[in-house]
Amino acid sequence: MILVLSHAWCLDAQDHAQQYIAIADEFGSFHTAQPGFRGRRLVRDVENPIHFINLRWWDSLADYEAMVQIPEYAEWIARLSEHVEPRSPQKQVLSLALELEDPAQTPAQTPAQTPADTPDS
């Protein structure tokens, strides 16, 4: 699995930022229809609210690269670009090095039942 991370700086923290979020939300249906797509998050910088980071998980780099070749992808990017500062794309492709799950989100483990614990049929 890979993670594609990219940055965007909106033209302002109000109207353009809200439009960017709305379009990114609509763009989600395009992503979910693509082979190899595993998830997506859009996070916002608390200290600099015009700065957003897009996190997209894919089975492989080939799956991501196939998606960006689809003409509709360019149309979505053009819509998003109307609300961001013109900067060089700042994209990184990353692989998972370590994962630590939140114990509060992990279902409680119960000891395995022994044959003596199973009711008779």
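This passage describes the fold, one helix, one pocket and four single residues of a predicted model.

The chain has 121 residues, of which 29% count as buried. Its secondary structure consists of 3 helices and 4 strands. Read from the N terminus, these elements follow the order β-α-β-β-α-α-β. Among the contacts in the chain with a separation of 6 or more, 70% are made by residues 24 or more positions apart.

Helix α1 covers residues 15-32 and therefore contains 18 residues. From the first C-alpha to the last, α1 reaches 26 Å, which is close to the 26 Å expected at 1.5 Å a residue. The helix nevertheless bends by about 25° at E26. The buried residues of α1 are A17, Y20, I23, A24, F27, G28, F30 and H31. Both strands and helices take part in covering these buried residues: the cover includes the strands β1 (2-9), β2 (37-44) and β3, together with the helices α2 (61-68) and α3 (71-81).

One residue of β3 illustrates this packing against α1. F52 belongs to strand β3, which spans residues 51-58. F52 counts as buried because its relative accessibility is 1%, and the cut-off for a buried residue is under 20%. Outside its neighbours within four places in sequence, F52 is in contact with A17, Y20 and I21, and also with S6, H7, A8, C10, L42, V43 and R44. Of these partners, A17 and Y20 are among the buried residues of α1. Y20 and F52 stand 32 residues apart along the chain, and their C-alpha atoms are separated by 9.4 Å.

Strand β1 provides a second buried example. L5 lies in this strand and has a relative accessibility of 13%, so L5 counts as buried. Residues up to four places away in sequence being left out, L5 touches I53, N54 and L55 as well as Q90, K91, Q92 and L94. The C-alpha atoms of L5 and V93 are 6.4 Å apart in space, although the two residues are 88 residues apart in sequence.

The other two residues are less enclosed by the cut-offs used here: a residue is exposed when its relative accessible area is over 50%, and partly exposed when the value falls between the limits for buried and exposed. R41 is placed in strand β2. With a relative accessible area of 52%, R41 is exposed. Beyond residues up to four places away in sequence, R41 touches I53, N54, L55 and W57. For one of these partners, N54, the C-alpha atom is separated by 6.0 Å from that of R41, at 13 residues along the chain.

L61 is part of helix α2. Its relative accessibility is 34%, so L61 counts as partly exposed. Apart from neighbours within four places in sequence, L61 is in contact with I2 and V93. Between L61 and I2 the C-alpha distance is 6.7 Å, while 59 residues separate them in sequence.

The second largest pocket has a volume of about 180 Å³. Its lining is made up of M1, I2, L3, W57, L94, S95, L96 and E99. Strands β1 and β4 (91-95) each supply at least two residues of this lining. By residue type, the lining divides into 6 nonpolar, 1 polar and 1 charged. Several lining residues also appear in the contacts described above. I2 is in contact with L61, L94 is touched by L5, and W57 is touched by R41.

Terms used: Residues are numbered from 1 along each chain as its sequence is written. This is a predicted model: local features need pLDDT of at least 70, side-chain atom pairs count only at pLDDT 80 or more; totals for chains, interfaces and linings use all residues. Side-chain values use heavy atoms; hydrogens and water are left out. Buried means under 20% relative accessible area, exposed over 50%, partly exposed in between (1.4 Å probe, protein chains only). Contact means heavy atoms within 4.5 Å. The expected span of a helix is 1.5 Å times one less than its number of residues. The bend at a residue is the angle between axes fitted to the seven residues ending there and the seven starting there. On a 1 Å grid over the protein atoms alone, a cavity is a set of points where a 1.4 Å probe fits but cannot get out, and a pocket is an open set with protein on both sides within 12 Å along at least five of seven lines; lining residues have an atom within 4 Å of a point. Grid points are joined across faces, edges and corners, and a volume is the space filled by probe spheres set on the points. Ala, Val, Leu, Ile, Met, Phe, Trp, Tyr, Cys and Pro count as nonpolar, Asp, Glu, Lys and Arg as charged, and the others, Gly among them, as polar.
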